[in-house]
Amino acid sequence: MSNTTTAPADEQRGKAPAGERVADWADGRLGIYSLAKANLRKVFPDHWSFMLGEICLYSFIIIILTGVYLTLFFHPSMNEVEYHGVYAPMQGVLMSEAYASTLDISFEVRGGLLIRQIHHWAALIFLAGMFVHMMRVFFTGAFRKPREINWLFGFLLFVLGMFTGFTGYSLPDDLLSGTGVRFTQGAILSVPIVGTYISMFLFGGEFPGTDFVARFYSIHILLLPGIMLGLVVAHLILVFYHKHTQFPGPGRTEKNVVGMPLMPVYMAKAGGFFFLVFGVIAAVAAIATINPIWTIGPYRPDMVGTGAQPDWYMGFAEGLVRVMPGWEINLWGHTLVLGVFIPLVVFGLVLGAMAVYPFIESWITGDKREHHLLDRPRNAPTRTALGVAWITMYMITLVGGGNDLWATHFHLSINAITWFVRIGFFAGPVIAFIVTKRICLGLQRRDAEKVLHGRESGIIKRLPHGEFIEVHEPLSQEQLHTLTQHEQYKPVEIGPTVDENGVERKVKGGEKLRAKLSQAYFGEGTQIPKPTAEEYKEIQEGHGHH
Amino acid sequence: MKKLSARRRHPLAAFVVLLLALAATGGLYTAFAPADKAQAEETAQSLAIEEGKKLYAVGCSSCHGTGGQGSSDGPSLVGVGSAAVDFQVGTGRMPLQQPGAQAPRKKVIYTQAEIDQMAAYIASLGAGPTTPTAKQYSPEGADIANGGTLFRNNCAQCHNFTGEGGALTNGKYAPDLTDVSPKHIYEAMQTGPQNMPSFPDTVLPEQEKKDVVAYLQTVNSDKSENPGGLKLGGIGPVAEGLFAWIFGLGTLIAVAIWVAARTAKAKKS
């Protein structure tokens, strides 16, 4: 603060070092000292899976950086031009300016092809990273209070990432992406009543028109990334505000975070990791082609190529449409294309299920407490099984999306694959649910066994009377804590239906449903009772009985 | 004249006359030779048909009938032309190994000479597309860009954008065109083997067939350039997605594990 009373004091002390003066100057205007004091020593727990979100953040930054470079050379226009660039097999072919400029970026702009490939590979990795990051958060229960909103932010980032990716994939106006846009337009048209209007509005008339590249361009480089950037910031602020979750262990409670401080350890780690991520993505982009639009050719609505798939994150939507029987209803001169509309609805439901899950689970458990200690997936068998069932369904529809390539590369009939996906869509998740739950229970039993009887040492001992036994080593106190610290929920009961005056109260349907679901989550056969201290003592005292 | 008659008894005169006579005979021979050669070719042709018929009787007749008239196991070959034989046998598709959704490409079991003989025999059964000459399918003088447009318009919906192949219904497929010789691609267009429609010269003129062949040679052969790096099969986003997951995210997770394992250690006092 530079007012007249403090100035002489400064002079007395002599000149401070330049760095300090700059920091002082900035603090006077930005208040960085208090910010730094509050945050620089913030502690983060150490686990590789906590860096999955960082992979997403860094690939997002890489996408923005490379994307800016690409905008300098890309012409978002559908004006028809004749190609006279350096790529011989396209000489003289009529194409949109968008496609021609993408060819120029690939062949004539310095570093253009590498930057294009980094941009595209980073997008695929960004979405894959978000997928895995969400799985980590889901299976460890990190979405529980107070982090439900942050889960929603993450979910929105994933969905917006899908659509940003899709609009970007459509921009070069090549034959592959044009087919994808046509597919999307078909899905829009299948929406009853408003579909036609939305399509006409979006494409400025009949498909393909002359507008969509320019419009998708605004959406791709401005609207969606703008929202995503805001969400990323909000996501990170909430991570700071909530503090990071940690895996259970000795000394770790709901009230502390055990780990290393942001400054200097995580500054160095995170900063270094950014360059590692950039390096890996750049290496991938330098090694492998992605979306070689020059071989695919310019889009013309009268052409199509087989093997026309979207990028992987839209593959499950493709699969849903590919395996859906071509049902349609014709009524009063209108057609309801169920063969496309039902997949469109299922697409929304599959994604929506992710968004609402934290709220459903907290309603079922009725747990209003904050959770900062993570669950081990085996200790929440129903949740883990549900998650695996969802992933199974997702993966099966992904197979459906690539049914033609499965057919050609595994010498199968495409019809057989389609039927496999149709049946697997319903049966797969059920089987996955049952199997996963059994595995979780098995692992819980193993934990209980380990706690009570110790670790199998592999040492065989022969007793004086000839019996062979395996020597079990008791676990350390820390290990015992880690294996038994988790809490086991009791199923929620419907409260007394008769009040103190003997008047029967009406039990609401919601309450009954909740009790039933709670029974399914935590009732019989859903968890192995963890060993109690008494059991442990009893066994330790009666040593040697196994 | 005097000079000549004076030397008619020269000891070498007989040789000169002999030389002249020989030259005359040689000249006459060359004058008549083409006719002889044509005759010889005709004989060769009928010989080839004869030989082809024998090969046919052994290798093909069990399905296509003793006279190429077809049976319940194989279609009639009357009028398919020599190009069809050269394609089917020359790519190993025929003779068929076993009935199935589609005859796959496999090891060629006949020599080119034998294939030509069979082709000659089948061609003799009825007029059909003839085996193209090297000039017809050589990429010289072809318009590659036009070939690309034609390919995307007529071929890509089954064979993929650059002819990497694709699936058809019930186990049938449009084969990968990566290392198929220009001649066989040309013949496939002429004859429309198996599930493929045929593109006779009335539909796709000779020059345009040449363009398509040249385009495939440019974008999908050992000689074609891949400026972006590994081609990943050239089959589009499915392969790219798999690569991104395994080599992109897989590597990044491995790196994350490596980074997380290297942490600052608190000083032990």
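In the predicted model, helix 13 of chain A, residues 315-323, is largely enclosed by the rest of the structure, because 9 of its 9 residues are buried. The buried set includes the charged residues Glu318(A) and Arg322(A). Alongside these two, Gly315(A), Phe316(A), Ala317(A), Gly319(A), Leu320(A), Val321(A) and Val323(A) are buried in helix 13 of chain A. The buried residues of this helix pack against four helices of chain A, namely helix 14 (338-365), helix 15 (381-401), helix 16 (403-410) and helix 17 (414-453). Helix 11 of chain B also packs against them.

Helix 11 of chain B appears again in the contact between the chains, where the largest share of the side of chain B that touches chain A, 17 residues, comes from this helix. The contact as a whole takes 58 residues from chain A and 51 residues from chain B. At least two residues of the chain B side are supplied by each of helix 7 (144-154), helix 8 (156-159), strand 1 (166-167), helix 10 (206-219) and helix 11 (237-261) of chain B. By class, the side of chain B that touches chain A holds 27 nonpolar and 21 polar residues, with 3 charged residues.

The UniProt record, an unreviewed entry, places a "binding site" feature at Cys155(B), Cys158(B) and His159(B). Cys155(B) is located in the loop between helix 7 and helix 8 of chain B, and Cys158(B) falls within helix 8 of chain B. Cys155(B) counts as buried because it has 25 C-beta neighbours inside 10 Å. Cys158(B) has 20 such neighbours inside 10 Å and therefore also counts as buried, the cut-off for a buried residue being 20 or more. Residues up to four places away in sequence aside, Cys158(B) touches Thr306(A) in the other chain, and Gly166(B), Leu168(B) and Ala174(B) in its own chain.

Chain B contains 11 helices and 2 strands. In order from the N terminus, its elements run α-α-α-α-α-α-α-α-β-β-α-α-α. The domain assignment divides chain B into domain 1 (39-129) and domain 2 (132-224). The C-alpha centres of these two domains of chain B are 23 Å apart. Their contact takes 14 residues from domain 1 of chain B and 13 residues from domain 2 of chain B. On the domain 1 side of this contact in chain B, 7 residues are nonpolar, 5 are polar and 2 are charged.

The radius of gyration of chain B is 31 Å, whereas a compact globule of 269 residues would have one near 18 Å. Along the principal axes, the C-alpha atoms of chain B fill a box of roughly 135 × 60 × 40 Å. Of the 269 residues of chain B, 38% count as buried. Among contacts in chain B between residues at least 6 apart in sequence, 65% join residues at least 24 apart.

Chain A is assigned three domains: domain 1 (7-39), domain 2 (43-73 + 88-246 + 273-375) and domain 3 (376-493 + 505-546). The centres of domain 1 and domain 3 of chain A, taken over C-alpha atoms, are separated by 57 Å. For residues 22-248 of chain A, UniProt lists "domain: Cytochrome b/b6 N-terminal region profile" in an unreviewed entry. This span of chain A is 68% helix and 4% strand, and its end C-alpha atoms lie 43 Å apart.

In contrast to the buried residues of helix 13 of chain A, Ile460(A) counts as exposed because it has 9 C-beta neighbours inside 10 Å. Ile460(A) belongs to strand 7 (residues 455-462) of chain A. Apart from residues up to four places away in sequence, Ile460(A) touches Phe468(A) and Glu470(A). Between Ile460(A) and Met95(A), the C-alpha to C-alpha distance is 77 Å, with a separation of 365 residues in sequence.

The mean pLDDT of chain A is 91, and 97% of the residues score at least 70. Among the elements of chain A, the highest mean pLDDT, 97, belongs to helix 6 (residues 112-139) and the lowest, 53, to helix 1 (residues 7-13). Residues 1-7 of chain A have pLDDT below 50, and this stretch has 3 contacts in the model beyond near neighbours in sequence. Where pLDDT is low, the predicted coordinates should not be read in detail.

Conventions
Residues numbered from 1 in each chain as written. Chains lettered and ligands numbered in written order. Predicted model: local features only at pLDDT ≥ 70, side-chain atom pairs only at ≥ 80, totals over all residues. Contact = placed C-beta atoms within 7 Å. Domains from an automatic or database assignment. UniProt positions renumbered as here; feature names shortened; annotations may be inferred. Buried ≥ 20, exposed ≤ 12 C-beta atoms within 10 Å, placed from the backbone. pLDDT = per-residue confidence, 0-100. Rg over C-alpha atoms; globule rule 2.2 N^0.38 Å.
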